[in-house]
Amino acid sequence: AETLRQLDHYAKVLSMPKNHLIERALKTYFEKLKRAEFEYSFKKAAGDAEILAMAEDGLEDYLKMIIEA
């Protein structure tokens, strides 16, 4: 009930249809979820020695490509 009251309030304040407000809110929420997933996977990978070694090898190759270009 409170959520619907807030939706009504902000739709009026922003002069925006409720469905557009809901769509924007969901897009923002999904972006935050995606960032949280990336953050979790990076933190998990940071503790993995094999992943770290692969990343370091990749950076070395990248630097070689830049230097040779």
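This report walks through the fold, the salt bridges and a charged surface patch of the structure above.

**Overall shape**

Please keep in mind that this is a predicted model. The secondary structure of the protein consists of three helices and zero strands, and from the N terminus on the elements run α-α-α. The radius of gyration is 22 Å, well over the 11 Å that the globule rule gives for 69 residues, so the protein is more spread out than a compact globule. Along its principal axes, the C-alpha trace spans about 60 × 30 × 15 Å.

How much of the protein counts as buried? Of its 69 residues, 6% do. Here, buried means under 20% relative accessible area. The accessible surface comes to about 6,500 Å², and carbon and sulfur atoms account for 62% of that surface.

**Charges and salt bridges**

The protein carries 11 positive and 13 negative charges. How far apart are the mean positions of the two sets? They lie 16 Å apart.

The count of salt bridges comes to five. Three of the pairs are set out here, including the distance between nitrogen and oxygen for each.

| Pair | N to O distance |
|---|---|
| E2 and R5 | 3.3 Å |
| D8 and K12 | 3.2 Å |
| E23 and K27 | 3.4 Å |

Let us start at helix α1, which covers residues 2-13. Both E2 and R5 lie in this helix, three residues apart, and that is about one turn of the helix. In this pair, E2 is partly exposed, with a relative accessible area of 44%, whereas R5 is exposed, at 52%. Exposed means over 50% relative accessible area, so R5 falls in that class.

D8 and K12 also belong to helix α1. Because they are four residues apart there, about one helical turn separates them. D8 counts as partly exposed, at 26% relative accessibility, while K12 is exposed, with a relative accessible area of 59%.

Next comes helix α2, made up of residues 18-46. Its residues E23 and K27 are four residues apart, about one turn of the helix. E23 is partly exposed, with a relative accessible area of 42%, and K27 counts as exposed, at 51% relative accessibility. Beyond the separate pairs, salt bridges that share partners join D8, K12 and K18 into one network.

**The negative patch**

Which residues form a negative surface patch? The members are E56, D57, E60 and D61. One of them, E56, has its place in helix α3, which spans residues 49-68. With a relative accessible area of 44%, E56 is partly exposed. Why can a partly exposed residue such as E56 belong to a patch? Patches are made of residues with over 30% relative accessible area and no salt bridge, so the 44% of E56 is enough on the side of accessibility. In such a patch, like charges are joined within 9 Å.

**Pulling it together**

To recap, the model is an α-α-α protein with a radius of gyration of 22 Å. Salt bridges pair E2 with R5 in helix α1 and E23 with K27 in helix α2. On helix α3, E56 contributes to the negative surface patch that also includes D57, E60 and D61.

How values were computed:
Residues numbered from 1 in each chain as written. Predicted model: local features only at pLDDT ≥ 70, side-chain atom pairs only at ≥ 80, totals over all residues. Heavy atoms only, no water. Patch = residues over 30% accessible without salt bridge, like charges linked within 9 Å, V, L, I, M, F, W, Y side chains within 5 Å. Areas by Shrake-Rupley, 256 points an atom, 1.4 Å probe, with all protein chains shown as cover. Salt bridge = Lys/Arg side-chain N within 4 Å of Asp/Glu carboxyl O. Lys, Arg positive; Asp, Glu negative; His and termini not counted. Charge placed at Lys NZ, Arg CZ, Asp CG, Glu CD. Helix = DSSP H or I, 4+ residues; strand = E, 2+ residues; numbered from the N terminus. Buried < 20%, exposed > 50% of the residue type's maximum accessible area, 1.4 Å probe, protein only. Rg over C-alpha atoms; globule rule 2.2 N^0.38 Å.
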